[in-house]
Amino acid sequence: MQTAARRFAIVALAVSPLVFIAGCANKSASSNVYSYGQAQREQIVRMGTVVSTRAIVIQNEQSSGVGTVAGGALGGVAGSSIGGGRGQILATIGGALLGGLAGTAVENQTGKTQGLEVTVRLDNGETRVIAQAADIQFTSGQRVRLLSGNGPTRVVPL
């Protein structure tokens, strides 16, 4: 049992930097968050009125793979503590596969953000739809600004 605990500690130490690095690669769909490269850049401002909003889910399109690797490693360590001989090998492989699948599922769930699809009728008569994080609530008839150019288009209240 002591060797299983030792293996678990070694895997945890090996995987923890990967988890930390993945946490640093945080993408945001918020209208309030600018990347360093977007700061101090001129943007086009268009005025409009909110026509409607709709709740959406924004899914991170790229998996870092950390969930799969971490889950597989932990599952493999857990499986290796079961049985002996060929049974232990099969349990290790099975644990790694199941752990990898579980890690992928967890990572996919953590890559989701509550979003808002905002339909805006611009003052020039055109209609635009912008999806962004649901950190600002809008109401139908509310006056807003659309900020665009050199990056994403953002809907912000006046």
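**Exercise 1. Which backbone atom lies 2.9 Å from a polar atom of the side chain of Gln 132, and in what setting is this side chain found?**

Solution.

Step 1. In this predicted model, the atom in question is the backbone nitrogen of Val 155, 2.9 Å from a polar atom of the Gln 132 side chain. This distance falls within the 3.5 Å allowed for a polar contact between N or O atoms.

Step 2. Gln 132 belongs to strand S3. Its relative accessibility is 2%. Because buried means under 20%, Gln 132 counts as buried.

Step 3. The surroundings of Gln 132 are then listed, leaving aside residues up to four places away in sequence. Gln 132 touches Thr 153, Arg 154 and Val 155, and also Ala 29, Ser 31, Ile 58, Gly 115, Leu 116 and Phe 138.

**Exercise 2. Determine how strand S3 is joined to strand S2, and what lies in the turn.**

Solution.

Step 1. S2 and S3 run antiparallel and are joined by seven bridges.

Step 2. One bridge can be located by residue: Gly 115 has Ala 133 in S3 as its partner. Gly 115 is also among the residues that Gln 132 touches.

Step 3. The two strands form a hairpin, with four residues between them. In the turn, Gly 125 has a positive phi of about 100 degrees.

**Exercise 3. How many salt bridges are counted, and which parts of the chain do they link?**

Solution.

Step 1. The count comes to three salt bridges. The cut-off is a distance within 4 Å between a side-chain nitrogen of Lys or Arg and a carboxyl oxygen of Asp or Glu.

Step 2. The side chains of Arg 54 and Glu 117 meet with an N to O distance of 3.1 Å. Arg 54 lies in strand S1 (residues 44-59) and Glu 117 in strand S2 (residues 112-122), so this salt bridge ties together parts 63 residues apart in sequence. Arg 54 is partly exposed at 47% relative accessibility, and Glu 117 is partly exposed at 22%.

Step 3. Arg 143 and Asp 123 form another salt bridge, their closest N and O atoms being 2.8 Å apart. This pair links distant parts of the chain, 20 residues apart: Arg 143 is in strand S4 (residues 143-148), whereas Asp 123 is in the loop between S2 and strand S3 (127-133). Asp 123 is exposed, with a relative accessible area of 52%.

Step 4. Glu 126 pairs with Arg 128, with 2.7 Å between the closest N and O atoms. Both residues are partly exposed: Glu 126 has 35% relative accessibility and Arg 128 has 33%.

**Exercise 4. Which residues does Arg 143 touch, and which polar partners does its side chain reach?**

Solution.

Step 1. Arg 143 is partly exposed, at 32% relative accessibility.

Step 2. Beyond residues up to four places away in sequence, Arg 143 touches Met 47, Gly 48, Thr 49, Asp 123, Pro 157 and Leu 158.

Step 3. Two polar partners can be picked out of this set. The side chain of Arg 143 makes a polar contact with the side chain of Asp 123 at 2.8 Å. The Arg 143 side chain also reaches the backbone oxygen of Gly 48 at 3.4 Å.

Step 4. For Leu 158, the separation from Arg 143 may be given in two ways: 15 residues in sequence, and 6.3 Å in space from C-alpha to C-alpha.

**Exercise 5. Which residues form a nonpolar patch on the surface, and where is Leu 97 placed?**

Solution.

Step 1. The patch consists of Ile 89, Ile 93 and Leu 97, which together have about 310 Å² of accessible area.

Step 2. Leu 97 lies in helix H3 (residues 85-110). At 56% relative accessibility, Leu 97 counts as exposed.

**Exercise 6. Describe the chain as a whole by its elements, burial, contacts and surface.**

Solution.

Step 1. The chain has three helices and five strands. Read from the N terminus, their order is α-β-α-α-β-β-β-β.

Step 2. The chain has 158 residues, 28% of which count as buried; Gln 132 is one of the buried residues.

Step 3. Of the contacts between residues at least 6 apart in sequence, 67% join residues at least 24 apart.

Step 4. The accessible surface of the chain is about 10,100 Å². Carbon and sulfur atoms account for 60% of this surface.

How values were computed. Residues numbered from 1 in each chain as written. Predicted model: local features only at pLDDT ≥ 70, side-chain atom pairs only at ≥ 80, totals over all residues. Heavy atoms only, no water. Buried < 20%, exposed > 50% of the residue type's maximum accessible area, 1.4 Å probe, protein only. Contact = heavy atoms within 4.5 Å. Areas by Shrake-Rupley, 256 points an atom, 1.4 Å probe, with all protein chains shown as cover. Patch = residues over 30% accessible without salt bridge, like charges linked within 9 Å, V, L, I, M, F, W, Y side chains within 5 Å. Polar contact = N/O pair within 3.5 Å; in protein donor to acceptor, adjacent residues only side chain to side chain. Pairing = 2+ DSSP bridges.
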